[in-house]
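Reader: I would like to walk through this model with you, one question at a time. Could you take me from the overall picture down to single residues?

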Amino acid sequence: MKQIAVGVNGTGGSLAAVDWAVKEAASRGAALQLVNASLWQEHQVAAVRRPHDVMAELARDILEQARDRARTAHPEVDTSVEETVDAPSRLLLARAADAELLVLGSHRTADGSGFLSGHVAQEVLAAAERPVVLVREDDGADATGPVVVGLDVERPADEVLDFAFDFAARRELPLRIVSAWHSVFPHHHTDSDVSEARDRMRAAVSAAVSRHRTRHAHLDISEDVVHERPAHALLAAASDAGLLVVGRRVRHAPAGTRIGATTQTALHHAACPVAVVPHA
């Protein structure tokens, strides 16, 4: 059976993730798995470490409360829990490999300038080979508004577009496709130069999404081509969004995996849930 996994640690962000994930599971006809790794000692200050049996009991209580919350919202969704002795990032990556989707929570920074996802979420986002959605605290299942997806016309990723179109279709939401470029024109460039570049970009965007448009002809779709830094363009477009979808190129490089500057900015500053979709 199709399955969505959720990392649960008792924070407000993780409860929002449960709310979002159970609604998504209901729309997909998928099961929901709530997971928690009780091996938290390595992430605690030595002076405040608690015995493992205490941590394990706390984890089980957190999971049971989360399961009750999910079943109350959508009793038709098959919801299970898993508590295990493992490092959180390792457990989440293992469950992500078996699921269609992994959902995690995040919270606002102390000064209100953005959102924090924690080092565990950062590790998972950088290494997961399935889509990961980061849900904002207090945003949960109530997030509304259009679906916004960032499109890089130089390397259009069908995985990213498939995710965005499918989500918009199931939720019956408008879809906004945003493609931005920030090339530096010669000092003597004219308005005509910019206009011609924008026309080329628009043609490239239309070509990249034509197959998806045909499959989802009923969707309300807009294509925005912007002469702006991609991160800035996405944040502006997502100011009223219900979901922002961005890509993460999978690289098997000696330096290891990474998220990428544009996606990192979206994760830190977008107020709506952010879906990070890995692609080749």
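The conversation below goes from the whole chain to a helix, a pocket and some single residues.

Reader: Happy to start wide. How many helices and strands does the protein have?

Author: Do keep in mind that this is a predicted model. Of its 280 residues, 48% count as buried. Its secondary structure consists of eight helices and eleven strands.

Reader: Among contacts between residues at least 6 apart in sequence, what share joins residues at least 24 apart?

Author: A contact here needs heavy atoms within 4.5 Å. One pair of residues well separated in sequence is Gly7 and Leu91, which are 84 residues apart along the chain with C-alpha atoms separated by 9.1 Å. Among contacts between residues at least 6 apart in sequence, the share joining residues at least 24 apart is 79%.

Reader: Let's turn to helix 6. Where does helix 6 bend?

Author: Helix 6 covers residues 191-215, 25 residues in total. From first to last C-alpha it reaches 36 Å, close to the 36 Å expected at 1.5 Å a residue. There is still a bend of about 50 degrees, and its place is Val209.

Reader: Which elements are included in what covers the buried residues of helix 6?

Author: The buried residues of helix 6 are Val194, Ala197, Met201, Val205, Ala208, Val209 and His212. An α-helix has 3.6 residues a turn, so residues three or four places apart point the same way. The cover over the buried residues of helix 6 includes helix 5 (158-171), strand 8 (175-181) and strand 9 (221-227).

Reader: Is Arg211 buried, partly exposed or exposed?

Author: Arg211 is in helix 6 and touches Asp158 and Asp162, leaving aside residues up to four places away in sequence. Between Arg211 and Asp158 the C-alpha distance is 9.8 Å, with their positions 53 residues apart in sequence. Because its relative accessibility is 41%, between the 20% and 50% cut-offs, Arg211 counts as partly exposed.

Reader: What separates the C-alpha atoms of Ala204 and Glu154?

Author: Ala204 also has its place in helix 6. With a relative accessible area of 29%, Ala204 is partly exposed. Ala204 and Glu154 are 50 residues apart along the chain, and their C-alpha atoms are separated by 8.6 Å.

Reader: Just after that helix sits a histidine I am curious about. Why does His216 count as buried?

Author: His216 lies in the loop between helix 6 and strand 9. Not counting residues up to four places away in sequence, His216 touches Phe165, Asp166, Ala169 and Ile221. Buried means under 20% relative accessible area, so His216 counts as buried at 9%.

Reader: Now for something a docking person would ask. Which residues are the closest to the centre of the largest pocket?

Author: About 760 Å³ of space lies in the largest pocket. Of the 29 residues that line the largest pocket, the closest to its centre are Asp152, Arg155, Pro230, Gly247 and Thr262.

Reader: How many residues of that lining are nonpolar, polar and charged?

Author: Elements that each supply at least two residues of the lining of the largest pocket are strand 8, helix 7 (230-237), strand 10 (243-249) and helix 8 (261-269). By residue class, the lining divides into 14 nonpolar, eight polar and seven charged.

Reader: Which residues are buried in helix 4?

Author: Helix 4 spans residues 118-127. What covers its buried residues includes helix 3 (88-98), strand 4 (101-108), strand 6 (132-136), strand 10, helix 8 and strand 11 (274-279). The buried residues under that cover are Val120, Ala121, Val124, Leu125 and Ala126.

Reader: Is Glu172 buried or exposed?

Author: Glu172 has its place in the loop between helix 5 and strand 8. Its phi is near 55 degrees, a positive value in a residue other than glycine. Since its relative accessible area is 70%, and the cut-off is over 50%, Glu172 is exposed.

Reader: One last stop, in strand 1. Is Gly7 buried or exposed?

Author: Gly7 is found in strand 1, residues 3-7. Leaving out residues up to four places away in sequence, Gly7 touches Ser14, Val35, Leu92, Leu102, Val103 and Leu104. Because its relative accessible area is 12%, below the 20% cut-off, Gly7 is buried.

Notes:
Residues are numbered from 1 along each chain as its sequence is written. This is a predicted model: local features need pLDDT of at least 70, side-chain atom pairs count only at pLDDT 80 or more; totals for chains, interfaces and linings use all residues. Side-chain values use heavy atoms; hydrogens and water are left out. Helices (H or I, at least four residues) and strands (E, at least two) are DSSP runs, numbered from the N terminus. The expected span of a helix is 1.5 Å times one less than its number of residues. The bend at a residue is the angle between axes fitted to the seven residues ending there and the seven starting there. Buried means under 20% relative accessible area, exposed over 50%, partly exposed in between (1.4 Å probe, protein chains only). On a 1 Å grid over the protein atoms alone, a cavity is a set of points where a 1.4 Å probe fits but cannot get out, and a pocket is an open set with protein on both sides within 12 Å along at least five of seven lines; lining residues have an atom within 4 Å of a point. Grid points are joined across faces, edges and corners, and a volume is the space filled by probe spheres set on the points. Ala, Val, Leu, Ile, Met, Phe, Trp, Tyr, Cys and Pro count as nonpolar, Asp, Glu, Lys and Arg as charged, and the others, Gly among them, as polar.
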